[in-house]
Amino acid sequence: VVLSNFEVGGPVVLLFYGMLCIFQNHYYQPLWTLVGAGAKQLAPSSRPTASVIPSGVKWIQSRVQKLDPDKNCVHLENNQKISYKYLIIALGLQLHFEKIKGLPEGFNSPKIGSNYSIHTVEKTWKALQDFKEGNAIFTFPNTPVKCAGAPQKIMYLSEAYFRKTGKRSKANIVFNTALGVIFGVQKYADALLEIIKARDITVNYKYNLVEVRADKQEAVFENLDKVGETKVYQYEMLHVTPPMGPPDVLLNSPVSDGAGWVDLNKETLQHKKYPNVFGIGDCTNLPTSKTAAAIAGQSGVLDKTISSIMKGKTPSKKYDGYTSCPLVTNYNRAILAEFDYNAQPLETLPIDQSKERLISFHMKADMMPYLYWYGLLKGYWGGPAPIRKLLHLGLK
């Protein structure tokens, strides 16, 4: 919980948990895709939380137990209660490894990893290095996820690693996804399918991981198109993308929709029922991909929205659903997907970003972490919209 004071309007309470802050350390999780593939070290993805909290802000190190927007207060552990005039909810989402039978205890066995957790990302790199021969399986769950491209990024990087180390002929690479498409934006999906075909990768749609038998190196998938049908795969390497959902405090909360996500106006980020409540990021029901790039774009709008409301004005700036997914396809190449609420490309550079490019990889690996630590967290980066307008000469 963070307490702050804006120039106008009094106390603002910001709730944050999960995606960006875990207790004493604050993580830049997008880097973990590269950590899991051995392309980056884990340490640079972490900084002490205290070092990134702005001056003038009080950090209360306590969990939120209940939100009471009708009384403008937040209940914490140890019977603490905080009143607010404005509330910003940025609680992230929750990983549910436990919803897969055999996990998380299965991570104690070799050959299993996940780039979605600080505790398991280095296990991915170990499994990749120890690979000898057989199936390398990558999964995508039957739930909303953060960074929906990450489950296949590690697949492309693993395939490249196998080629680099002379193991490709012994590897059968399988992507089992609960989705019915490889990517939600057609332009980038077409590009990815070409890569998948060229690299001889097997994709099985509507396959959802339900069990891991680590002692037998078996992964069990349900066929979502045929109720009750399952298929068992033997694996030499398994990368798990866990089911995800809203934090427990949001389930059945008055600020949430029926699924437990903060219920917002998708253009202003203001709550649909409570005008002094706002949300941002993975915990919301905004119909766009849950990414750090989306949060950057949302932050630029949320800043204007709250400032307007504090001054008694109607918010005018609108969020268009901008999000981005740098789809890393090799150790020196990436496709830079950018799109809006309508799943239409919204590209910043005046080039075709669906092509694999070195510049896109370096933006992902080197520029974006810097933008995060020194731009977004300090309030200087609200997404690339101004740059896009400049590079495209003001044209849409």
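**Contacts, strands and loops in a predicted model**

Arg 163 touches Arg 168, Arg 199 and Asn 330, once residues up to four places away in sequence are set aside. This arginine belongs to helix 4, which covers residues 150–164. In the model, which is a predicted one, Arg 163 has a relative accessibility of 41% and therefore counts as partly exposed. A further point of reference is Gln 353: 190 residues separate Arg 163 from Gln 353 in sequence, and their C-alpha atoms are 25 Å apart in space.

It helps to place this residue within the whole chain. The protein chain contains eight helices and 23 strands. For 396 residues, a compact globule would be expected to have a radius of gyration near 21 Å, and the protein chain, at 21 Å, agrees with that expectation. The C-alpha trace spans about 65 × 55 × 40 Å along its principal axes. Of the 396 residues in the protein chain, 54% are buried. Among contacts in the protein chain with a separation of 6 or more, 62% are between residues 24 or more positions apart.

The surface and the charges can be described in a similar way. About 18,000 Å² of the protein chain is exposed, and carbon and sulfur atoms supply 52% of this area. There are 46 positive and 33 negative side chains in the protein chain, with the centres of the two sets lying 5 Å apart.

Strand 10 offers a good view of the interior. Five of the five residues in this strand (residues 86–90) are buried, so strand 10 is largely enclosed by the rest of the structure. In a regular strand, side chains alternate between the two faces of the sheet. In strand 10 both faces are covered: Tyr 86, Ile 88 and Ala 90 are buried on one side, and Leu 87 and Ile 89 are buried on the other. Strand 10 runs parallel to strand 21 (residues 277–279), and three bridges join the two. Within this pairing, Leu 87 stands opposite Val 277 of strand 21.

A second buried position is found in strand 19 (residues 237–239), which includes Leu 238. Leu 238 counts as buried because its relative accessibility is 1%, against a cut-off of under 20%. Beyond its neighbours within four places in sequence, Leu 238 is in contact with Lys 111, Ile 112, Gly 113, Ile 137, Thr 139, Val 212 and Ala 219. Ala 214 lies 24 residues from Leu 238 along the chain, and the C-alpha atoms of the two are separated by 9.8 Å.

Strand 7 (residues 64–68) and strand 8 (residues 73–76) provide an antiparallel counterpart, joined by four bridges. One bridge pairs Asp 68 with Cys 73 in strand 8. The two strands form a hairpin with four residues between them, and in the turn Asn 72 has a positive phi of about 55°.

Positive phi values also occur in two other residues that are not glycine. For Asp 200, phi is near 55°. Asp 200 sits in the loop between helix 5 (186–198) and strand 15 (202–205), and at 60% relative accessibility it counts as exposed. For Lys 206, phi is near 60°. Lys 206 is located in the loop between strand 15 and strand 16 (207–213); with a relative accessibility of 28%, Lys 206 counts as partly exposed.

Another backbone feature involves proline. The peptide bond from Leu 103 to Pro 104 is cis, and its omega is near 5°. Pro 104 lies in the loop between strand 11 (94–95) and strand 12 (112–113).

Finally, Gly 382 occupies the loop between helix 7 (358–376) and helix 8 (385–391). Its relative accessibility of 35% makes Gly 382 partly exposed. When residues up to four places away in sequence are not counted, Gly 382 touches Ala 296, Gly 297, Ser 299 and Gly 300. The C-alpha atoms of Gly 382 and Ile 295 are separated by 8.3 Å, although these residues are 87 apart along the chain.

Terms used. Residues are numbered from 1 along each chain as its sequence is written. This is a predicted model: local features need pLDDT of at least 70, side-chain atom pairs count only at pLDDT 80 or more; totals for chains, interfaces and linings use all residues. Side-chain values use heavy atoms; hydrogens and water are left out. Buried means under 20% relative accessible area, exposed over 50%, partly exposed in between (1.4 Å probe, protein chains only). Two strands pair if DSSP finds at least two bridges between them. The radius of gyration is taken over C-alpha atoms; the globule rule is 2.2 Å times the number of residues to the power 0.38. Contact means heavy atoms within 4.5 Å. Accessible areas come from the Shrake-Rupley method with a 1.4 Å probe; for residues, only the protein chains shown count as cover. Lys and Arg count as positive and Asp and Glu as negative; His and the chain ends are not counted. The place of a charge is taken as NZ of Lys, CZ of Arg, CG of Asp or CD of Glu.
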